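Biologist: Please take a close look at the backbone of this model, residue by residue where the angles call for comment. Then carry on from there to the packing of the side chains.

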Amino acid sequence: MDVRNTSIEELKGKLTGTVMSVGDPQYDDARGVWNAMIDRKPAVIARCRNTEDVCRAVRFAGEQGLPIAIRGGGHNVAGHAVCDDGVMIDLSEMRGVTVDPDQKRAIVQGGALWRDVDSETQKHGLATPGGLISDTGVAGLTLSGGIGWLRAKHGLSIDCLKAAEVVTADGSVVRTNAEENPDLLWALKGGGGNFGVVVTFEFELFPIGPEVMFAAPIYPLSAGPEPIRFWRDFVSEHEGVIGSLCEFSTAAEGEDFPEEYWGQKVFTLACVYNGDATEGDKLLQPLRELGPMAADFSGRMNYVDVQQLFDELMPAGDFRCYWKARYLSELPDEMIDHAMADAGAAPSANSLSSLWNFGGAVSRVPSDATAFGDRSMGWMYSLDAVWLDSKEDAANIAWSRAGWEESAKWDHEGRIYLNFPGHGEDNLELTKRAFGPNYAKLAQIKAQYDPNNVFCFNQNISPAA
């Protein structure tokens, strides 16, 4: 879409941040996001430094008749942070975190990464549920739910979101909490980036760390399903204190694995005990006694280090990625067998697939309390295709889709986790299925705050008529 150069120059004069368009030296780097498959060209990139910059960029988009994409951490696998022919609002220079240890609250800017939050909150022995990779953006993860290690005791990221400031489609700033505009806060708790640019989040914090117990026994796929069946029953018994996943991967060459396992498919029974590290060490020990291990990365360690353990698996901009996930009502033996077969068939050694546990604090939140909806799923299955060569796109996407489709017989009401949606497949049916009965209320709130659907680069909720 054509935007007059004079209009772009006017925007540059209004923002304290940086405004870029095609041909500017920084443009190509600025439009890049975490998934190397995403190659989109916005008409304008507005790298904002403060809330007023965001307001002006939103007003500019409205004046030009352009849709808006919002870049927080840029980690979303579907690439929703960047658009073709619209305005990309880039919050990467808005990463401030302020902690009030007495009130156990953190004020977090919209461009912050989880490592920013963890480093500041842990100075006071506090944390709030984040993700599993520290360079994930706070905004993207939170607004679609936020599944992390602390979910057993403290729920999803949205369950700890107490307030926010949002720049809405008309360029105004709206504060939302339990007393002010509570409908908007409800919508932000799972409704994605449909309602505006969240410039600040306010999270509740909990005493955690600095030391936690992390268990990560790694077994060869050839060990068969028995260790995973034991893990399933074990974490179900302790769902209120263990955040866990069984992750399938390929043992890399190097000092982390004995040479005999290099290149073999393995699975990790990764757990974080949501409590005292000494108690967790003792409780999680049985997971490390299920047969010969390929490796064991278990131990007591700083919470910040645990939050960064998986970072090397997913370096920003290096890999092509296609992820699909679905919630599961149960995890029967047959589903475990299916997951093991999928792992063995992965065409890329960089690909991962995982079984995630739920229950605990996640399940105690009523389905109508947040936009996220129903919490009665017991598990989640994700297939994370990760590869390097564009010539291998078809094979890797096909692997992820096939495993996802074949697991449908165990799914939970057809619902999916919107942070792992695949990409290029966003549609109304998928979005409605994800939100279930909450979709109608979300459409009404969308009509109030974004009646013209300016914020449409997401799992889009159409404004109610």
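Modeller: N453 is found in the segment that follows α15 (439-449), in what is a predicted model. Although N453 is not a glycine, its phi is positive, at about 55 degrees. Most residues other than glycine have a negative phi, and most peptide bonds are trans, so both kinds of exception are worth listing. K104 is another non-glycine residue with a positive phi, here near 55 degrees. The loop that holds K104 runs between β5 (97-100) and β6 (105-109). K104 is partly exposed, because its relative accessible area is 33% and the partly exposed class spans 20% to 50%. As for the peptide bonds, the one from G209 to P210 is cis, with omega near 5 degrees. P210 also sits in a loop, the one between β11 (206-207) and β12 (211-215).

Turning to the packing, the largest nonpolar core has 115 residues, and the members that touch the most others are W231, F248 and L355. The strand that gives the most to this core is β20 (residues 379-387), with seven residues. Once neighbours within four places in sequence are left aside, the contacts of L355 include W231 and F248, the two residues named with L355 above. L355 is also in contact with I228, S244, L245, C246, L328, L331, M335, A339, M380 and Y381. Apart from the largest core lies another, of 26 residues, with V44, F60, L66 and I68 among them. In soluble globular proteins, nonpolar side chains tend to be buried together.

Note on methods. Residues are numbered from 1 along each chain as its sequence is written. This is a predicted model: local features need pLDDT of at least 70, side-chain atom pairs count only at pLDDT 80 or more; totals for chains, interfaces and linings use all residues. Side-chain values use heavy atoms; hydrogens and water are left out. Helices (H or I, at least four residues) and strands (E, at least two) are DSSP runs, numbered from the N terminus. Buried means under 20% relative accessible area, exposed over 50%, partly exposed in between (1.4 Å probe, protein chains only). A nonpolar core is a set of buried Ala, Val, Leu, Ile, Met, Phe, Trp, Tyr and Cys residues joined through side-chain atoms within 4.5 Å. Contact means heavy atoms within 4.5 Å.
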